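Q: Please take a close look at a single part of this structure. I would like to know how its residues are placed and what they pair with.

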Amino acid sequence: MIRRATLGDIPQLLAMGERFSERAKLAEHVGYDPASMEATFAALIENDHPVFIGERGAIGATLTRHPFNAAHVCAQELFWWSEGREGLALLKALEGHCAVHAHSLLMITLEAVEPERTGRLYERRGYAPVEHSYLKVF
């Protein structure tokens with residue numbers, strides 16, 4: 001069952017996030033700091049940003065005014081992982097929330113986690129590619 005996350009879900013979110021971080025090879029770039037993630041999850045949940053959790057997955061986004069047009073509230077995905085078959089249900093939950101509370105939803109795909117497959121999924125769901133991101137670690 002997919003539902004809005006609560007502060008009581010933070011331990012489960014942390015465990016899932018750590019496993020995802022290993023799979024996505026985030027340690028090569030930014031690492032995984034549980035204390036930072038705990039603070040991030042708490043801030044998102046306490047400030048009513050959309051965070052959804054299932055038994056084996058989670059998805060979350062921020063809601064902000066668009067910098068080029070403040071009339072639009074935009075959602076930006078921060079994380080999405082699924083260790084089972086609820087990935088699409090998580091995405092649908094976030095999309096449903098954003099359809100009511102936002103003008104648009106920006107989703108990402110990581111190079112280490114099947115970007116072509118994820119991109120095809122996004123396009124089938126009506127997303128259009130808008131940018132590519134590049135990271136330089138100093």
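A: What follows describes helix α4 and the charged residues beside it.

This is a predicted model, in which local features need pLDDT of at least 70 and side-chain atom pairs count only at pLDDT 80 or more, while totals for chains, interfaces and linings use all residues. Residues are numbered from 1 along each chain as its sequence is written, and side-chain values use heavy atoms, leaving out hydrogens and water.

Helix α4 spans 115-124 (helices are DSSP runs of H or I with at least four residues, strands runs of E with at least two, numbered from the N terminus). Its buried residues are Pro 115, Thr 118, Leu 121 and Tyr 122 (buried: under 20% relative accessible area; exposed: over 50%; partly exposed: in between; 1.4 Å probe, protein chains only). These residues lie on the same side of α4 because they cover an arc of only 125° around the axis, taken from the directions from the helix axis to the C-beta atoms. They pack against β4 (69-82) and α3 (87-101), where contact means heavy atoms within 4.5 Å. The face turned away from the buried side carries the exposed residues Glu 116, Arg 117 and Arg 124.

Arg 117, at 53% relative accessible area, forms a salt bridge with Glu 114 (3.0 Å, N to O); the criterion is a side-chain nitrogen of Lys or Arg within 4 Å of a carboxyl oxygen of Asp or Glu. Glu 114 is partly exposed at 38%. A salt bridge also joins Glu 114 to Arg 23, at 3.6 Å from N to O. Arg 23 lies in α1 (residues 10-23) and Glu 114 in the loop between β5 (104-106) and α4, so this pair ties together parts 91 residues apart in sequence. Through shared partners, Arg 23, Glu 114 and Arg 117 form one network of salt bridges.

After α4 comes Gly 126, with a positive phi near 100°.
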